[in-house]
Amino acid sequence: MRVWTIQPLSALEDIKISGSFRCDPEKSWNITKENNLKVYYQWLNQQMIKTIGPAPDGVTYPVWSWYRWEGENVKPDADSGAFLKRTEDKVLFELEMPADRVFLSDFDLWQFVLADGYIPSEEDDEDTIDRLDALSPEEYEKEKIKSWSNVIIDEETQVNFAQATFWEIRREDIVSYEILTQSEHKLRLS
């Protein structure tokens with residue numbers, strides 16, 4: 001499965017030294033910021049465990065990448081507003097990974113999860129909305145979290161933007177990489 005991910009330039013050094021790159025929660029803005037996204041990432045972790053198995057020892061959160069960009073399995077536009085603007089140098093990895101190591105989800109529907117909202121399904125209608133409105137807060141919370149499984153997709157699901165998460169990048173996963181910086185960094189994996 002071909003995926004692309006943008007990571008800090010230091011990921012290249014991690015791979016050179018240890019043979020892999022893993023999410024460092026202390027360096028993840030979405031995990032360390034005020035009003036962070038930990039609860040949603042932990043839900044995702046549980047879905048990943050069910051689908052692709054447990055994280056390796058020492059891994060708390062997944063690495064995020066793109067499987068589909070504008071409906072195609074192509075390299076994302078690194079200048080898109082979908083990416084946080086950073087001042088540090090970055091690297092765009094093109095990876096080829098076995099499907100059994102990758103968890104796919106619909107990026108657009110993931111925004112409902114991040115907004116702590118209910119994700120309607122194709123079967124939902126006015127009766128569903130009325131039923132949800134009549135639930136107690138505790139019952140609604142259960143239904144809402146259950147609806148989040150609507151973000152989960154497979155390789156054949158046609159969506160505009162599909163994100164792929166996995167526990168680590170291994171040296172052998174790398175097809176190519178591109179340094180995204182203003183300076184002229186030259187770093188090689190050897």
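Which residue stands opposite V91 in β4? Select V91 and look across to Q7, the residue that stands opposite V91. Keep in mind during the tour that this is a predicted model.

**Whole chain**

Start with a cartoon view of everything. The chain has 6 helices and 8 strands. Followed along the sequence, these elements come in the pattern β-α-β-α-α-β-β-β-α-α-α-β-β-β. Colour by accessibility next: of the 190 residues in the chain, 41% are buried. For contacts with a separation of 6 or more, 81% are between residues 24 or more positions apart.

**Strand β4 and its partners**

Select residues 90–96, which form strand β4. Of the 7 residues in β4, 6 are buried, so the strand counts as mostly covered. Now add residues 2–8, strand β1. β1 and β4 run antiparallel and are joined by 7 bridges. Then add residues 174–180, strand β8. Here 6 bridges join β8 to β4, and this pair is antiparallel too. Return to V91 and look for its opposite number in β8, which is I179. V91 thus has Q7 standing opposite and I179 standing opposite in β8.

Move along β4 to L92. Is L92 buried or exposed? Its relative accessibility is 5%, so L92 counts as buried. Show the residues around L92, leaving out those within four places in sequence: the contacts are W4, T5, I6, K75, P76, S176, Y177, E178 and L180. For a distance check, pick the C-alpha atoms of L92 and S65; they are separated by 9.8 Å, with these positions 27 residues apart along the chain.

**The loop after β3**

Select E70, in the loop between β3 (63–68) and β4. E70 has a positive phi, near 50°, and is a residue other than glycine. With a relative accessibility of 58%, E70 counts as exposed because the cut-off for exposed is over 50%.

**Strands β5 and β6**

Select residues 103–106, strand β5. Which residues of β5 point the same way as each other? F103 and S105 point one way, L104 and D106 point the other way, and all are buried. In a regular strand, side chains alternate between the two faces of the sheet.

Add β6, residues 162–166. β5 and β6 run antiparallel, joined by 4 bridges. One bridge to inspect is that of S105, whose partner in β6 is Q163. Q163 counts as buried because its relative accessibility is 4%. Leaving aside neighbours within four places in sequence, Q163 is in contact with W64, S65, W66, Y67, F103, L104, S105, D106, F107 and W110.

**Nonpolar cores**

Show V3, Y67, F93, L95, L104, F166 and I169 as sticks: these have the most contacts inside the largest nonpolar core, which has 22 residues. The elements that give two or more residues to this core are α1 (10–18), β3, β4 and β6. Apart from it lies another core, of 17 residues, and L37, F103, W110 and W167 are among them.

Centre on F166 within the largest core. Which residues does F166 touch, not counting those up to four places away in sequence? They are V3, M48, I52, P62, V63, S65, L95, M97 and R101.

**Helices α3 and α4**

Select residues 38–52, helix α3, together with residues 107–114, helix α4. Two packed helices are described by the angle between their axes and the distance between the axes. For α3 and α4 the angle is about 125° and the axes are 10 Å apart. That angle makes α3 oblique to α4. Show side chains where the helices meet: Y40, Y41, W43 and L44 in α3 meet W110, V113 and L114 in α4. By class, this contact has 7 nonpolar, no polar and no charged residues.

**Last stop: D116**

Finish at D116, in the loop between α4 and α5 (126–133). D116 is a residue other than glycine with a positive phi, near 60°. At 34% relative accessibility, D116 counts as partly exposed.

Note on methods:
Residues numbered from 1 in each chain as written. Predicted model: local features only at pLDDT ≥ 70, side-chain atom pairs only at ≥ 80, totals over all residues. Heavy atoms only, no water. Buried < 20%, exposed > 50% of the residue type's maximum accessible area, 1.4 Å probe, protein only. Contact = heavy atoms within 4.5 Å. Axes fitted to C-alpha atoms, helices over the stretch in contact; angles between N-to-C directions. Parallel < 35°, antiparallel > 145°, perpendicular 65-115°, else oblique. Nonpolar A, V, L, I, M, F, W, Y, C, P; charged D, E, K, R; others polar. Pairing = 2+ DSSP bridges. Core = buried A, V, L, I, M, F, W, Y, C linked by side-chain atoms within 4.5 Å.
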